Amino acid sequence: MAIIDPNTFPYIDPSKDRRVALITGGNSGIGWYTVLHLYLHGYTIYVAGRSRARVNKSIDELKEKAAKIVSNYKLEEIREERYLGSLHFLEIDLFSLSSVQNAAENLIAKEPYLNILINNAGIMALPYSLTPDGFEIQMQTNYISPFLLTTKLVPLLEKAADLFPDEPPRVVYLSSVGHHFMFSYFSLDSTFNYFPNILFTWLRYGMAKTCGIHFMKMLALRNPRILCMSVHPGFVMNTNLFSYWTRLPIFGIMFWCLFQIFGYFFGVSNERGAYTSIRCCLDRNYNIQKDNGKYYVTDGSECPPSYVARNMDYAARTWIWTVKKLNERNISIP
Ligand SMILES: NC(=O)c1ccc[n+]([C@@H]2O[C@H](COP(=O)([O-])OP(=O)(O)OC[C@H]3O[C@@H](n4cnc5c(N)ncnc54)[C@H](OP(=O)(O)O)[C@@H]3O)[C@@H](O)[C@H]2O)c1
């Protein structure tokens, strides 16, 4: 499949056609480039992150980069009337369910509708630990908190569906090819805190990313006016996702070399890693009838996810398990 060119997707004029997007983890890596291109396309973007300082720094860098790109527009691009959108910080810490709920409430207080939600933030292959809410950290960050955020924002997404009937609101979930590590449908209560953790941590990552694909499939079924898609962005080796491993004393340098060699042969740049998300957000050829619940990989190619991830019985069980676990923490999901 050819490399995606984000310039081919429609541009909007925010003074006439205001469109609102929220992205988690937009301050680094794949998220940063996803924000850049939505901003260049005229979107009002909430960059949700746990550190105001880091997000605001990235907003300054994004504005600088966008200004540079705009100053190099060719004549026909200027004629197309391309406008920059706007960038705003929204506080969210996915380690905390109450922070996730506050973020959803804050957005609902600020915006009458939401056109695009990108569950991009994630962590990978960290040592075993529990969040203050009692979930394994990869499970909560990569799946449970995005589930909570999205379900709380469904009313805003539905409002966008009312207001723009020809443009379904979209939810994009950053999964990973690592979802294949969940090769069987294990009990979701398993935390796989076994020796050697360096292997079992991948099972925990794979489990969370499989649940995310289940989530997109179930959301698509339950909310047929919302276009829901999951994504494997490619192997993008120069993001912060690998920093736990590359910063390890002594062994860090070995992991860094290993990741660089792997990236040289199989990897894509941070920007190209964002292209599948960008396509899922902006490509008007994607529609509810043919694309809802699907999984896309590098450069926007459609791909069947693993047997476990595409099994709808398992997807329904994952949904029920998640709602029950949230209910036990006094959070109700409609
Ligand atoms: N890179 C790859 O090869 C690859 C492959 C497959 C899938 N993915 C998926 O792509 C997504 C983006 O990854 P990336 O490679 O761009 O990694 P990254 O540079 O590490 O970006 C991850 C983002 O998530 C945020 N985040 C982490 N924990 C958070 C928390 N508790 N609350 C709020 N935000 C939090 C980080 O914020 P801070 O800056 O505050 O830490 C950061 O902005 C992830 O979901 C990842 O699993 C990546």
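Helices, charge pairs and local backbone features of a predicted model

Helix H6, formed by residues 197-222, has 26 residues, for which a rise of 1.5 Å a residue gives an expected span of 38 Å, and the 37 Å that separates its end C-alpha atoms agrees with this value. The helix belongs to a predicted model, and the description that follows rests on that prediction. Much of H6 is covered, since 19 of its 26 residues are buried. Just ahead of this helix, the backbone contains a cis peptide bond between Phe 195 and Pro 196, with an omega of about -5°. Pro 196 itself is placed in the loop that runs between strand S5 (170-174) and H6.

Two further backbone features concern the sign of phi. Most residues other than glycine have a negative phi, and most peptide bonds are trans. Against this background, Ala 125 is not a glycine and yet has a positive phi of about 55°, and Asn 330, likewise not a glycine, has a positive phi of about 60°. The surroundings of these residues can be described in turn. Ala 125 is found in the loop between strand S4 (116-119) and helix H5 (137-163), where a relative accessible area of 1% places Ala 125 among buried residues. Asn 330, by contrast, belongs to the segment that follows helix H12 (312-328), and with a relative accessibility of 73% Asn 330 counts as exposed.

Charged side chains were examined next. Side chains of opposite charge can pair when their charged atoms come close. In the structure, 16 salt bridges are present. One of them links Glu 61 to Lys 57, with 3.2 Å between the closest N and O atoms. Both of these residues belong to helix H2 (residues 52-71), in which they are 4 residues apart, or about one turn of the helix. An α-helix has 3.6 residues a turn, so residues three or four places apart point the same way. Glu 61 is partly exposed, at 34% relative accessibility, while Lys 57 is exposed, with a relative accessible area of 52%.

Helix H2 also contains Ser 71, which counts as exposed at 56% relative accessibility. A polar atom of the Ser 71 side chain lies 2.7 Å from the backbone oxygen of Lys 68.

In another of the charge pairs, Glu 80 forms a salt bridge with Arg 82, and the closest N and O atoms are again 3.2 Å apart. The two partners fall into separate classes of accessibility, Glu 80 being partly exposed at 44% and Arg 82 being buried at 13%. A salt bridge with an N to O separation of 3.0 Å brings together the side chains of Arg 279 and Asp 283. Here Arg 279 counts as buried at 17% relative accessibility, and Asp 283 is buried as well, with a relative accessible area of 5%. Elsewhere, salt bridges with shared partners connect Asp 189, Lys 324, Lys 325 and Glu 328 in one network.

The cysteines were considered in the same manner. A disulfide is a covalent bond between the sulfur atoms of two cysteines. A search of the whole structure returns 0 disulfides, and the sulfur separations of two cysteines illustrate this result. For Cys 280, the closest cysteine sulfur is that of Cys 281, and because the distance is 7.0 Å, the two atoms are too far apart for a bond. Cys 280 is buried, with a relative accessible area of 0%. For Cys 303, the closest cysteine sulfur is that of Cys 280, which at 13 Å is likewise too far for a bond. Cys 303 is partly exposed, with a relative accessible area of 25%.

Finally, the surface carries a nonpolar patch made up of Val 177, Phe 235, Ile 261, Phe 262, Tyr 264, Phe 265 and Phe 266, which together have about 760 Å² of accessible area. One of these residues, Tyr 264, is placed in helix H8 (residues 251-266), and at 68% relative accessibility Tyr 264 counts as exposed.

Key:
Residues are numbered from 1 along each chain as its sequence is written. This is a predicted model: local features need pLDDT of at least 70, side-chain atom pairs count only at pLDDT 80 or more; totals for chains, interfaces and linings use all residues. Side-chain values use heavy atoms; hydrogens and water are left out. A salt bridge is a side-chain nitrogen of Lys or Arg within 4 Å of a carboxyl oxygen of Asp or Glu. Helices (H or I, at least four residues) and strands (E, at least two) are DSSP runs, numbered from the N terminus. Buried means under 20% relative accessible area, exposed over 50%, partly exposed in between (1.4 Å probe, protein chains only). A disulfide is a pair of cysteine sulfur atoms within 2.5 Å. The expected span of a helix is 1.5 Å times one less than its number of residues. Patches are made of residues with over 30% relative accessible area and no salt bridge: like charges are joined within 9 Å, nonpolar side chains (Val, Leu, Ile, Met, Phe, Trp, Tyr) within 5 Å. Accessible areas come from the Shrake-Rupley method with a 1.4 Å probe; for residues, only the protein chains shown count as cover. A polar contact is a pair of N or O atoms within 3.5 Å; within protein, one must be able to donate a hydrogen and the other to accept it, and residues adjacent in sequence count only if both atoms are side-chain atoms.
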